[in-house]
Amino acid sequence: MEEPTPVGTGVDLSALAITLLKGVIYREGDERLWGGLLNLQARVRDYVAILGLDLVLDEAEGYAFLKSRPETAEDEAPVKLPRLVARRPLSFPVSLLLALLRKKLAESDAGGGDTRLVLTREDIVELVRVFLPDSSNEARLIDQIDTHLNKVIELGFVRRLKAAGSPSGFEVRRILKAFVDAQWLADFDARLADYQAQLAGAADATDDE
């Protein structure tokens with residue numbers, strides 16, 4: 001009788017590094033690749049460190065990705081390495097949607113329910129609606145929210161689910177917790193309060209006119 005093949009056998013360092021440079025590795029996406037990463041994570045960390053990158057691996061949540069190492073005062077190399085992981089500036093509406101989804105994920109975790117957070121399109125529209133300027137054109141408002149949602153999907157924080165015979169849903173990926181932490185939320189809440197004050201002022205000015 002043959003011995004069972006251990007998870008991750010046959011996955012080499014090059015395959016792991018290339019996959020990570022392309023994006024996120026999820027346990028649920030490829031158990032074999034995930035097992036290989038767990039077995040070789042020390043070597044992967046050493047390898048990507050040469051490129052100025054850190055491996056972020058969360059075994060509990062089941063994801064791993066690369067991020068650029070933060071620059072320090074000691075980093076005075078005559079030639080600085082180019083960034084392999086690009087920084088992407090986000091528009092305010094996209095940042096707003098990420099913050100709202102992150103809070104929804106925290107509420108779901110606190111409730112002790114399913115570890116997966118799945119929302120409908122209508123759920124997401126209602127989350128965002130109250131923070132956007134009033135619009136008499138409902139279709140245009142929903143189109144705007146769809147545009148922002150598609151950007152969040154492109155960034156990998158939400159996955160579109162398709163079920164035969166029923167409306168599609170959207171799963172909030174737990175990797176969002178690694179990018180939107182408590183400090184980010186606190187800073188964003190302050191910006192959001194200013195934004196809402198500006199909206200209220202604009203509305204009052206319109207009423208006065």
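This is a guided tour of the structure above, given as a series of selections to make in the viewer.

**The whole chain**

Begin with the full chain in a cartoon view, keeping in mind that the model is predicted. The chain contains seven helices and six strands, and if you follow the elements from the N terminus on, they run α-β-α-β-β-α-β-α-α-β-β-α-α. Of the 209 residues in the chain, 33% count as buried. Among the contacts with a separation of 6 or more, 57% are accounted for by residues 24 or more positions apart.

**Helix α1 and what covers it**

Next select residues 13-22, which form helix α1, and show the side chains of Leu13, Leu16, Ala17 and Leu20, which are buried. When you look down the axis of α1, these buried residues fall within an arc of 95 degrees, so they line one face of the helix. This fits a general property of such elements: an α-helix has 3.6 residues a turn, so residues three or four places apart point the same way. To see what lies over the buried residues of α1, add β1 (25-26), α2 (31-49), β2 (53-58) and β3 (63-68), which are included in their cover.

**Two stops on α2 and β3**

Within helix α2, select Ala49, which counts as partly exposed because its relative accessibility is 24%, and buried would require under 20%. From Ala49, draw a distance to Ser68: these residues are 19 apart in sequence, and their C-alpha atoms are 9.3 Å apart in space. Then move to Lys67, which lies in strand β3 and, at 42% relative accessibility, likewise counts as partly exposed. A C-alpha to C-alpha distance from Lys67 to Leu55, which is 12 residues away along the chain, comes to 6.7 Å.

**The largest nonpolar core**

Now turn to the largest nonpolar core, which has 36 residues, and select Leu96, Leu101, Val128 and Val152, the members with the most contacts inside it. At least two residues of this core come from each of β3, α3 (92-110), β4 (117-120), α4 (121-129), α5 (138-155), β6 (166-172) and α7 (182-208). Of these elements, α3 gives the most, with nine residues.

Which residues does Leu101 contact, once its neighbours within four places in sequence are left aside? Show Leu117, Leu119, Leu127, Val152, Val158, Val172 and Leu176, and you will have the set of residues in contact with Leu101. A second core, separate from the one just described, has 16 residues and includes Val11, Leu13, Ile25 and Val48; of these, Leu13 was also among the buried residues of α1.

**His148 and Leu192**

Select His148 in helix α5, which is buried, with a relative accessible area of 18%. Not counting residues up to four places away in sequence, His148 touches Pro93, Val94 and Leu97, so displaying these side chains shows its surroundings along α3, which spans residues 92-110.

Then go to Leu192 in helix α7, which counts as buried at 8% relative accessibility. Beyond its neighbours within four places in sequence, Leu192 is in contact with Phe92, Leu96 and Phe131. The partner Phe92 is 100 residues from Leu192 along the chain, yet the C-alpha atoms of the two are separated by 9.3 Å.

**The second largest pocket**

For the last stop, switch to a surface view; rolling a probe the size of a water molecule over the atoms shows where empty space is left. Select Glu28, Glu61, Gly62, Glu171 and Arg174, which lie nearest the centre of the second largest pocket and are part of its lining of 13 residues. About 220 Å³ of space lies in this pocket. How do the residues of its lining divide into nonpolar, polar and charged? Colouring the lining by residue class gives four nonpolar, two polar and seven charged residues.

Terms used: Residues are numbered from 1 along each chain as its sequence is written. This is a predicted model: local features need pLDDT of at least 70, side-chain atom pairs count only at pLDDT 80 or more; totals for chains, interfaces and linings use all residues. Side-chain values use heavy atoms; hydrogens and water are left out. On a 1 Å grid over the protein atoms alone, a cavity is a set of points where a 1.4 Å probe fits but cannot get out, and a pocket is an open set with protein on both sides within 12 Å along at least five of seven lines; lining residues have an atom within 4 Å of a point. Grid points are joined across faces, edges and corners, and a volume is the space filled by probe spheres set on the points. Ala, Val, Leu, Ile, Met, Phe, Trp, Tyr, Cys and Pro count as nonpolar, Asp, Glu, Lys and Arg as charged, and the others, Gly among them, as polar. Buried means under 20% relative accessible area, exposed over 50%, partly exposed in between (1.4 Å probe, protein chains only). Helices (H or I, at least four residues) and strands (E, at least two) are DSSP runs, numbered from the N terminus. The arc is that of the directions from the helix axis to the C-beta atoms. Contact means heavy atoms within 4.5 Å. A nonpolar core is a set of buried Ala, Val, Leu, Ile, Met, Phe, Trp, Tyr and Cys residues joined through side-chain atoms within 4.5 Å.
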